[in-house]
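Let's take a friendly tour of a protein model, one topic at a time. Keep the picture open while you read.

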Amino acid sequence: MTLWAGLLTYLLAYYQPDWRTPWPYLLALVQMHLYTGLFITAHDAMHGVVSPNPRLNNAIGTVAALLFAYNWFPGMLPKHHQHHRHVATPDDPDYHDGEHPNFLFWFVRFAWNYVTWWQVVLMAATYNMLKIWFPQENVIAFWMIPAVLATLQLFFFGTYLPHRGEHAPDNPHKSRTQLRHHAWAFVSCYFFGYHYEHHDQPYLPWWRLWRTK
C-alpha cells in the first residue's frame, strides 16, 4: 500500500513521461502490479490472514479495497466466500453464466456482479479532481489505465485460467494450477496462479502459497 501510494504520487506530481522511451510504459506496468497487490491484500483480509486481530484485518482490507477503484470490502466479503463454497456452479458469483464461457462475456458478467454505480461515480469524480492538480496524461496513464489492467490481470490469472473448462470429478475445488515457476507466479498475480492450492488452503496468505508447490 505504501509502495502504491508513493509511486503514484511521484508519477502524478513529478514525473514527466517521454513516450518515445520504454520507461513510462514500464512504470505503468509496475503501478499495475501494485494495484493488483492492493486487491490481493483485500482478498487475504477476506480470509482473515492479514492480521490475527479481526478489527485490524478488516480495516486493512477495507482500505486496500477502497484504494482499488473504491471497491467495498463488506460487500465483496460474502460474495467471495460464496465463490469458495459454490465454486464453478450457478451459485458462484465469479463464474460464467453456463452459456457464455468465453473470456469477454465471462469478464462482463464478473464485473457486473461486483462493480457498483457509486464506484463509477466516485472514480469519475476522482478523475476530474485529479486532472485539476496533475497533468491529464499522467492521470490517465498512471492512475486509470493501471487500475483497468490490474482488473483484467486479476480476472485472467485468478478466475478465468483456473476455473475455465471441465474439471475432473475428483477435483473438489474445480480449479487448476499453473506449472511451478515461482518468479512468473509472483509477477503474473502474486502466486494466485497456484489456484488449486489457494482453494485447498485458503488460510495461507499470498506470500506463502509458493511453498505449497
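A residue counts as buried when its relative accessible area is under 20%, as exposed when that area is over 50%, and as partly exposed in between. D18 shows how this works: its relative accessibility is 28%, so it counts as partly exposed. Bear in mind that this is a predicted model. With that settled, here are the salt bridges, the aromatic rings and a couple of backbone oddities.

**Salt bridges**

- Side chains of opposite charge can pair when their charged atoms come close.
- How many salt bridges turn up here? The count comes to two.
- One of them joins R20 to D18, and the closest N and O atoms are 3.1 Å apart.
- The partners in that bridge sit in different accessibility classes: R20 is exposed at 77% relative accessible area, while D18 is partly exposed at 28%.
- K213 and E197 also meet through their side chains in a salt bridge, with 3.4 Å from N to O.
- K213 belongs to the segment after α9 and E197 to helix α9 itself, so this bridge ties together parts that are 16 residues apart in sequence.
- K213 is partly exposed, with a relative accessible area of 26%, whereas E197 is buried, at 11%.

**Aromatic rings**

- Rings are a big topic in this model, which holds 27 aromatic pairs.
- Take F103 and Y160: their ring centres are 5.3 Å apart and their planes meet at 85 degrees, so you're looking at an edge-to-face pair. The cut-off behind that label is a plane angle over 60 degrees.
- F103 is in helix α5 (residues 103-114) and Y160 is in helix α7 (residues 136-163), so the pair ties together parts that are 57 residues apart in sequence.
- Is each partner buried or partly exposed? F103 is partly exposed, with 29% relative accessible area, but Y160 is buried, at 14%.
- Now swing over to F186 and W206, whose ring centres are 6.0 Å apart with planes at 25 degrees, so this pair is stacked. Here the cut-off is a plane angle under 30 degrees.
- F186 sits in helix α8 (residues 182-189) and W206 in the segment after α9 (195-200), so their contact ties together parts that are 20 residues apart in sequence.
- F186 itself counts as partly exposed, at 30% relative accessibility.
- Ring pairs also build a cluster, and its members include F103 and Y160 again, along with Y95, W106, F107, F110, Y114, F155, F156, F157 and W184.
- Y114, one of the cluster members, has another partner too: the charged end of K79 sits over the Y114 ring, 5.3 Å from its centre.

**Backbone oddities**

- Which residue in the loop between α3 (54-67) and α4 (73-85) should you look for? That would be A69.
- A69 has a phi near 60 degrees, a positive value in a residue other than glycine.
- A69 counts as buried, since its relative accessibility is 17%.
- Y190 also has a positive phi, about 55 degrees, although it is not a glycine.
- You'll find Y190 in the loop between α8 and α9, and it is buried, with a relative accessible area of 7%.

Conventions. Residues are numbered from 1 along each chain as its sequence is written. This is a predicted model: local features need pLDDT of at least 70, side-chain atom pairs count only at pLDDT 80 or more; totals for chains, interfaces and linings use all residues. Side-chain values use heavy atoms; hydrogens and water are left out. Rings of Phe, Tyr and Trp (its six-membered ring) pair if their centres lie within 6.5 Å; planes under 30 degrees apart count as stacked, over 60 as edge-to-face and the rest as tilted. Helices (H or I, at least four residues) and strands (E, at least two) are DSSP runs, numbered from the N terminus. Buried means under 20% relative accessible area, exposed over 50%, partly exposed in between (1.4 Å probe, protein chains only). A charge sits over a ring if NZ of Lys or CZ of Arg is within 6 Å of the ring centre and within 35 degrees of the ring normal. A salt bridge is a side-chain nitrogen of Lys or Arg within 4 Å of a carboxyl oxygen of Asp or Glu.
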